[in-house]
Amino acid sequence: MQNAILTSATFSIIATDEKGIIQLFNVGAERNAGYSAVEVVNKINPSDIHDPQEVIVRAKELSAELGTQITPGFEALVFKASRGIEDITS
């Protein structure tokens, strides 16, 4: 079952280490982001493959929603998840 989920092209699954470096990048992520796993695993963090303006907007939205200053970049992408808060984005 785990293998079926990880190899699904329907959902993007990206996992990082504690420093934010991508460790898992499934085929769904490859399809949606336009990068291969070989290009990103152990090399970059997810904010490197996002539109910088979108990351800035995300940080502002989260800051307003949660009443705390969230820095654009990796923190804006993982703030909720790192605190056990469900975070579903399109």
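Tutor: In this predicted model, a residue counts as buried when its relative accessible area is under 20%, and as exposed when that area is over 50%.

Student: Which residues of helix 4 are buried?

Tutor: Helix 4 covers residues 52-66, and the cut-off for burial is a relative accessible area under 20%. By that criterion, the buried residues of helix 4 are Val55, Arg58, Ala59, Leu62 and Ser63.

Student: What arc do the buried residues of helix 4 cover around the axis?

Tutor: An α-helix has 3.6 residues a turn, so residues three or four places apart point the same way. The buried residues of helix 4 are Val55, Arg58, Ala59, Leu62 and Ser63. They lie on the same side of helix 4, because the arc they cover is only 130°.

Student: Which residues are exposed on the other side of helix 4?

Tutor: The buried residues of helix 4 pack against helix 5, residues 74-78. On the other side of helix 4, the exposed residues are Glu54, Lys60 and Ala64.

Student: How far apart are the end C-alpha atoms of helix 4?

Tutor: Helix 4 has 15 residues, and at 1.5 Å a residue the expected span is 21 Å. The model agrees with this expectation, since the end C-alpha atoms of helix 4 are apart by 21 Å.

Student: Which residue caps the N-terminal end of helix 4, and which residue follows helix 4?

Tutor: At the N-terminal end, a side-chain oxygen of the capping residue lies 2.7 Å from the backbone nitrogen of Gln53; this cap is Asp51. Helix 4 is followed by a residue with a positive phi, near 65°, namely Gly67.

Student: Which residues make up the largest nonpolar core?

Tutor: This core has six residues in all, and the largest share of them, three residues, comes from helix 4. Another core, of five residues, lies apart from it and has Ile22, Phe25, Ala29 and Val40 among its members. The largest nonpolar core itself is made up of Val55, Ala59, Leu62, Ile70, Ala76 and Phe79.

Student: Which residues does Ala76 touch, not counting residues up to four places away in sequence?

Tutor: Ala76 is part of the largest nonpolar core. With residues up to four places away in sequence not counted, Ala76 touches Val55, Arg58, Ala59, Leu62, Ile70 and Thr71.

Student: Is Asn26 buried or exposed?

Tutor: Asn26 is placed in the loop between strand 2 (22-25) and helix 2 (27-33). Beyond residues up to four places away in sequence, Asn26 touches Ile5, Leu6, Ser8, Phe11, Ser12 and Ile13. Its relative accessibility is 4%, so Asn26 counts as buried.

Student: Is Asn42 buried or exposed?

Tutor: Asn42 lies in the loop between helix 3 (37-40) and helix 4. Although Asn42 is not a glycine, its phi is positive, at about 65°. The cut-off for this class is over 50%, and because its relative accessibility is 52%, Asn42 counts as exposed.

Student: With which residues is Val41 in contact, leaving aside its neighbours within four places in sequence?

Tutor: Val41 is found in the loop between helix 3 and helix 4, and its relative accessible area of 22% makes it partly exposed. Leaving aside neighbours within four places in sequence, Val41 is in contact with Ile22, Gln23 and Phe25.

Student: What radius of gyration does the chain have?

Tutor: The chain has five helices and two strands, and its C-alpha trace spans about 40 × 25 × 25 Å along the principal axes. For 90 residues, a compact globule would have a radius of gyration near 12 Å. The chain agrees with this estimate, its radius of gyration being 13 Å.

Conventions
Residues numbered from 1 in each chain as written. Predicted model: local features only at pLDDT ≥ 70, side-chain atom pairs only at ≥ 80, totals over all residues. Heavy atoms only, no water. Core = buried A, V, L, I, M, F, W, Y, C linked by side-chain atoms within 4.5 Å. Buried < 20%, exposed > 50% of the residue type's maximum accessible area, 1.4 Å probe, protein only. Helix = DSSP H or I, 4+ residues; strand = E, 2+ residues; numbered from the N terminus. Contact = heavy atoms within 4.5 Å. Expected span 1.5 Å × (residues − 1). Arc of directions from axis to C-beta. Polar contact = N/O pair within 3.5 Å; in protein donor to acceptor, adjacent residues only side chain to side chain. Rg over C-alpha atoms; globule rule 2.2 N^0.38 Å.
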